[in-house]
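Student: Could you take me closely through one part of this model, the paired strands and the residues packed around them? I would like the cut-offs stated as you go.

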Amino acid sequence: MAASSPASPSQTPDLSIPKHFAKLKDPRRAHRRLHRLQDIIVIALCAVIAGAQDWQEIETFGRKRRDWLKRFLQLPNGIPSHDTFERVFDRLKPSAFQACFREWVQAVQEALDIKHVAIDGKTLRSSGAANLGPLHLVSAWATAQRLSLGQVAVADKSNEITAIPALLDLLDLHGALVTIDAMGCQKAIARKIKDQGADYILTVKENQEHLWEDIQASLAQAFETDFAGLEHDTYETRERGHGRDEYRCYTVLHHLDGLRHADDWAGLTTIGMCYSERTVKGVTSEEIRYFIGSKKARAKVYGKALRGHWGIENSLHWHLDVTFDEDDNRVTKRNGAENLALLRRLTLSLLQAHPAKLSIAKKRFAAALDPDFLEEILRGDGILENR
């Protein structure tokens, strides 16, 4: 990733995949290790960039690009079979694979100033098996940098409420503003974010019944009195395009007297609402959403952060579904599915960082056709070095 300002060679972070994945423990027995673990990981990463969707396609890519790969990898016994890729990725502990990915992300973050982190969940719909539901992952996304910061799988018979704290533990959030939808509107999650030196904006719905009712009542009373004596702010936006007109008005109120148990929410300073109108083909719909926040800031800050939160849908989840066809991916073994999902997120970050004025789909197509373009993507982040 490019830094906001040029760094001296001594300051440039080492983004080499072999360096950051060197600590990864090989899950295979020593006598079964015909192929180096790092070779397997790099081949898989290159293949996914070039459009591979499963283990068979990863093997095919490796065989078709064997001579090119030998410029960077040792390949002592050639290209692994698809069964080898499947076995290795299913035996790799996702937590260990995630730790290496996190170390790489932290090296990238040294050159970035991450201000806003969006957290949201996504289900891999075709990853279920007869005795197991589909895999559901909670991801963290740096909205401005379009960088995947980490993921955690939701345990079976559980939900995002338990996965979000585990994900927060993986992240360096100091100084960032964290946005989470209504599922993550929990006192313990608010406390964890504040304890990590960050601020939060949490969407509030009926799952927090008293809080939702109190915010509605407080704002209604404030509007009736024209906010007399109350510290508040508003921010409006209008957008027109794609056959629709959209109007949004964000109102923030830095006044908590109307909230029961306000002190239970760590660092809470603000309640607010977003009123939106959308007109499509002459038909207008309305919606009101409520939120709370720990950052005492103007309505524009809240409005931009709440709008920016949808970047995780538009820039991450949409691409994973449409460009990477993740919802239809039928890798069902849990560890393999989770590790492959992490490779897709790493791949997407690399593709979005490349400066070519092409869509993500076209970059993947170009990488499949042109090894020089694929090498350019990888060298841009220091992943490949001649051996």
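Tutor: Ile271 stands opposite Ile292 in strand E9, and this is a convenient place to begin. The model is predicted, so local features need pLDDT of at least 70 and side-chain atom pairs count only at pLDDT 80 or more, whereas totals for chains, interfaces and linings use all residues. Residues are numbered from 1 along each chain as its sequence is written, and side-chain values use heavy atoms, with hydrogens and water left out.

Strands E8 (residues 270-280) and E9 (residues 283-293) pair in the antiparallel sense over eleven bridges; strands are DSSP runs of E with at least two residues, numbered from the N terminus, and two of them pair if DSSP finds at least two bridges between them. Two residues lie between the strands of this hairpin, where Lys281 takes a positive phi near 55 degrees. On E8 there is also an antiparallel partner in E7 (residues 244-253), joined to E8 by ten bridges, and here Leu253 stands opposite Ile271.

Ile292 is, with Phe89 and Ile119, among the residues that touch the most other members of the largest nonpolar core, which has 103 residues. Such a core is a set of buried Ala, Val, Leu, Ile, Met, Phe, Trp, Tyr and Cys residues joined through side-chain atoms within 4.5 Å, where buried means under 20% relative accessible area with a 1.4 Å probe, protein chains only. Apart from this core lies another, of twelve residues, including Tyr235 and Cys274.

Notes. Buried means under 20% relative accessible area, exposed over 50%, partly exposed in between (1.4 Å probe, protein chains only). Helices (H or I, at least four residues) and strands (E, at least two) are DSSP runs, numbered from the N terminus.
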